Amino acid sequence: MNVDEVVVESEHDFRIRTDIYTDPDIFQLEMRRIFERSWVYVAHESEIPNPGDYVATTIGRQPVIVARGDDGQVRVLLNHCRHRGSVVCRLERGHAEHFRCPYHGWTYGTDGALLGIAQATGYPEDMPLADLGLAPAPRVAVYRCLIFASLAADGESLDERLSQVATYIDLWADRSPVGSMVLTSAAHKFRYAGNWKFQLDNGVDGYHGNYVHESFLQILERSGEKTVRGYKDLRSTGSVVGLSHGDGFIDRPYGGMAGQFEYHDSRLSRYHEQLRQAYGPERMQAILGQRNLLVFPNLFLFESHIRVIRPLSVNDTIVLMQPTRLNGVNHELNSQRLRTHERFFGPAGFGAPDDVEMFVNGETGMKARGVEWVILSRGLHRESRGDGVWLGGHSTDEAPQRSAYREWKRWMAGAESLASAGEA
Amino acid sequence: MTRAEAELFIIRELRLIDERHFDDWLALFTPDCLYWLPIIESDPAVEPSLIYDDRKRLEERIFRLTAFPPAQEPGSRTVHNVSNVDVLEATGSQLTALCNLTVFELRPGDPVQVGLADQRVFAANAEYHLVGGPDWHIRLKKVWLLNRNEPLYNLTFLF
């Protein structure tokens, strides 16, 4: 198989083979060719505000530490002692003066430099300590407090990578009237026994809500917020957009969907007034639209939270939902945003667990053979295409998913066969 | 209420969940109740919880359990055990108790279906604030899951 055989596109057809969700060799290639080469999201600056603060995470399969050094600079360091390969940091997040390997005590600065070797007389005096620091990710860059890293030394800059999607990241970040936010310390964390791309597909899917989230629509009706019928009609408002680089989003105008606020009172009016003053009435409307934004391959920006996909294996995935607190707004508004977030999201929420159920259903169903195609052609006949933009004709269309798989194909190409996971 | 009476109250409360008498379980809670599963020790106004249900939200949760959402189709079977009951404070009208909960959960089905036929075990420290007498009600049920800060698959049943 090569990539042209697993992502098939023609004028009225867009299909992907189910093997890309189930084949462990393809998963290994995805990690190597996409996650361990492209720009991937690793952390938010608010998680490491001070020198010595760190978050330990992964880029693809590789353990990394995102640390702010004593010089204030953010670095992404491989969490791998240069002596015998142990991790030097086991906590998810914290504050450190240095990273000391628990095995033999090799000690590294928060900038990754090797500070000292225990019982150093066991090595020659000319041991090249300067070359034995924690290996840094070759490229790290920040946009609107979102820290991205690439394990490839060469490639387009983050600015080039985000050139199209930056406009929409701005709209997301400007939900704060001062244009900044912090992540909460705790997060909702899912782990499901299915491929990472089930979450990728679903996060920008405007089609499933009426079915998967029927119980949530009924809850909204019971509480008098929206009728089920009215809510379903709203699916015809707004649109979906596919961008270049695999990005895309669902775009629904403000006021339609249930949105961010369960409570409508003077605090909400005050928030709107703040946005109007900060950005003007037109941009305020745009900012307040409901936009589920995918930044390929592992980041979603939602109204209430940052969502990060962490693939563990072909059928094992962690999804983090980290709520945001907007800077510059009333404390209670942020509390209300949290309560509204909890209502739908997280493992005990009234919506997200139903999405995850679709992911494991896909995992089971894709074992069927002879029918190895997922159809992603919805709306192809009614979308308009510009330069690297695919504008869906309806908010239930699959334009964002198609963008994601075009990009998937672009990264996965470059070798003869997808069955070459053993490559160096 | 004695320690033995408090323990029996909790045993019966948990049995209502296991027997899926969800409306009767809900009726045990006061109008100003809080059903709370925190993630970290902090101010709930600042940090998210797994569950932070006031009465309205708890009623929604019970409604959803009977609305056949995908995450509860098939629905969870549970076995709840309570142990280590310790009554900290008790007057004629109020009682605070700490205890440990062990919850076994299973969604029945063919093991080929990912997510089904997988028996899971949850351990927790819990705190109850009961009010009333002679009929007692729950004002607070706070459950500290052992794996509250770890990635989880599905918590759409009752603790």
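This is a short talk on how chain B meets chain A, and on the strands and salt bridges around that meeting.

Hi everyone, and thanks for coming. One thing before we start: this is a predicted model, so please hear every value as computed from it.

Let's begin with the interface. How many residues of chain B are in contact with chain A? There are 34, and they touch 42 residues of chain A. The size of an interface is often given as the accessible area lost when the parts come together. For this pair of chains that area is about 3300 Å², and carbon and sulfur atoms give 56% of it. If you want three residues to click on, try B:Arg57, B:Val114 and B:Tyr153. Together they supply 19% of what chain B buries against chain A, more than any other three residues.

Now the polar side of the story. Between the two chains, 21 residue pairs are in polar contact, with both partners at pLDDT 80 or more. Which elements of chain B give two or more residues to the side that touches chain A? They are β2, residues 49-53, and α3, residues 55-65. Helix α3(B) gives the most, with 7 residues. Sorting that whole side of chain B by residue type, we get 20 nonpolar, 5 polar and 9 charged.

On to the charges. Side chains of opposite charge can pair when their charged atoms come close. Across the interface there are 3 salt bridges, while a search of the whole structure finds 38 over all chains. Please have a look at A:Asp354 and B:Arg64, which form a salt bridge with their closest N and O atoms 2.6 Å apart.

Let's stay with helix α3 of chain B for a moment. B:Lys56 and B:Glu60 both lie in this helix, 4 residues apart, about one turn. They form a salt bridge, and the closest N and O atoms are 3.0 Å apart. Are the two partners buried or exposed? B:Lys56 is partly exposed, because its relative accessible area is 37%. B:Glu60, at 5%, falls under the 20% cut-off and therefore counts as buried. The pair also belongs to a network of salt bridges that links A:Glu225, A:Arg343, B:Lys56, B:Arg57 and B:Glu60. You may remember B:Arg57 from the list of three residues that supply 19% of chain B's buried area.

Next, let's turn to the strands of chain B. Strand β1, residues 29-38, has 8 of its 10 residues buried, so the rest of the structure largely encloses it. What does β1(B) pair with? With strand β6, residues 136-145, it pairs in the parallel sense over 4 bridges. With β2(B) it runs antiparallel, again joined by 4 bridges. To find your way on screen, B:Leu37 stands opposite B:Ile51 in β2(B), and B:Tyr35 stands opposite B:Lys141 in β6(B).

B:Lys141 deserves one more stop. Its side chain meets that of B:Glu13 in a salt bridge, 2.8 Å from N to O. Because B:Lys141 lies in strand β6 and B:Glu13 in helix α1, residues 3-18, the pair ties together parts that are 128 residues apart in sequence. Both residues are buried.

For a last example, go over to chain A. A:Arg15 forms a salt bridge with A:Asp13, also with a 2.8 Å separation between the closest N and O atoms. A:Arg15 is partly exposed, because its relative accessibility is 24%.

That's my tour, and I'm happy to take questions.

Key:
Residues numbered from 1 in each chain as written. Chains lettered and ligands numbered in written order. Predicted model: local features only at pLDDT ≥ 70, side-chain atom pairs only at ≥ 80, totals over all residues. Heavy atoms only, no water. Contact = heavy atoms within 4.5 Å. Buried area = accessible area lost by both parts, 1.4 Å probe. Salt bridge = Lys/Arg side-chain N within 4 Å of Asp/Glu carboxyl O. Polar contact = N/O pair within 3.5 Å; in protein donor to acceptor, adjacent residues only side chain to side chain. Nonpolar A, V, L, I, M, F, W, Y, C, P; charged D, E, K, R; others polar. Buried < 20%, exposed > 50% of the residue type's maximum accessible area, 1.4 Å probe, protein only. Pairing = 2+ DSSP bridges.
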